[in-house]
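Before reading on, please take a moment to look over the sequence and the model shown below. The report that follows is written for someone who is meeting this structure for the first time.

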Amino acid sequence: MSTAPPISAARYSAAVWARFCHPTFAGAPNEAAVTACVEDAAHHLRLCLHYVHGAVRFTVIGCPTTIALADFCAERLSEGVVPDGQAMVDALEIDASHRHCVLLCEDAINAVLDMASPAGAFIRSTP
């Protein structure tokens, strides 16, 4: 039986590691929410964004970069700002080997926006 290598902070930017270790927006809400989930089977990732009363939470199965990105996106969406991929890359210093995580987050954002848009929940804008 093989085991995964240990997670090492040296493989990630300081911004990714900080959000991975202490995500603020993690967890499903305690009440009904607009929920959009996306998956990347090739990388074994699953990300759900949950929107309730102007606040966004996330649940995720993924690597530290995916968790950090989900936390960043939930924070920005809760502030009424829709981050684009470049904003994510710049804010968290995402390297090329983790760009697929950015694409997953962009897909999740678009999915939750599409679901929440009839209620006028978000304005599509970037920082």
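Arg-19 has a relative accessible area of 18% in this predicted model, and because buried means a value under 20%, Arg-19 counts as buried. Asp-71 is likewise buried, and these two residues form a salt bridge in which the closest N and O atoms are 2.8 Å apart. The pair links distant parts of the chain, since Asp-71 lies in helix 2, which covers residues 64–78, while Arg-19 lies in helix 1, which covers residues 14–21, and 52 residues separate them.

Arg-19 also meets the side chain of Glu-75 in a salt bridge, with an N to O distance of 2.5 Å. This contact, too, links distant parts of the chain, running from Arg-19 in helix 1 to Glu-75 in helix 2 across a separation of 56 residues. Glu-75 has a relative accessible area of 23% and is therefore partly exposed. Through shared partners, salt bridges join Arg-19, Asp-71 and Glu-75 into one network.

Another salt bridge is formed by the side chains of Glu-39 and Arg-46, again with 2.5 Å from N to O. Glu-39 counts as exposed at 54% relative accessibility, whereas Arg-46, at 33%, counts as partly exposed. The count of salt bridges comes to four, and the table lists those described here, including both that involve Arg-19.

| Salt bridge | N to O distance |
|---|---|
| Asp-71 and Arg-19 | 2.8 Å |
| Arg-19 and Glu-75 | 2.5 Å |
| Glu-39 and Arg-46 | 2.5 Å |

The aromatic side chains can be considered next. How many aromatic pairs does a search of the whole structure find? The search finds two. In general, a pair of aromatic rings is described by the distance of the centres and the angle of the planes. Tyr-12 and Trp-17 form a stacked pair, with 6.1 Å from centre to centre and 25° between the planes. The rings of Trp-17 and Phe-20 have their centres 5.1 Å apart and their planes at 45°, so this pair is tilted. Trp-17 and Phe-20 are three residues apart in helix 1, which means that about one helical turn separates them.

Ring pairs thus link Tyr-12, Trp-17 and Phe-20 into a cluster. Within that cluster, Tyr-12 counts as buried at 13% relative accessibility, while Trp-17, with a relative accessible area of 23%, is partly exposed. Phe-20 counts as partly exposed at 21% relative accessibility, because the partly exposed class lies between 20% and 50%.

A view of the whole chain places these details in context. The chain contains four helices and three strands, and when it is read along the sequence these elements follow the pattern α-β-β-β-α-α-α. The chain has 127 residues, of which buried residues make up 40%. Among the contacts in the chain with a separation of 6 or more, 54% are accounted for by residues 24 or more positions apart. The chain exposes about 6700 Å², and carbon and sulfur atoms supply 56% of this area.

Terms used:
Residues numbered from 1 in each chain as written. Predicted model: local features only at pLDDT ≥ 70, side-chain atom pairs only at ≥ 80, totals over all residues. Heavy atoms only, no water. Helix = DSSP H or I, 4+ residues; strand = E, 2+ residues; numbered from the N terminus. Buried < 20%, exposed > 50% of the residue type's maximum accessible area, 1.4 Å probe, protein only. Phe/Tyr/Trp six-rings, centres within 6.5 Å; stacked < 30°, edge-to-face > 60°. Contact = heavy atoms within 4.5 Å. Areas by Shrake-Rupley, 256 points an atom, 1.4 Å probe, with all protein chains shown as cover.
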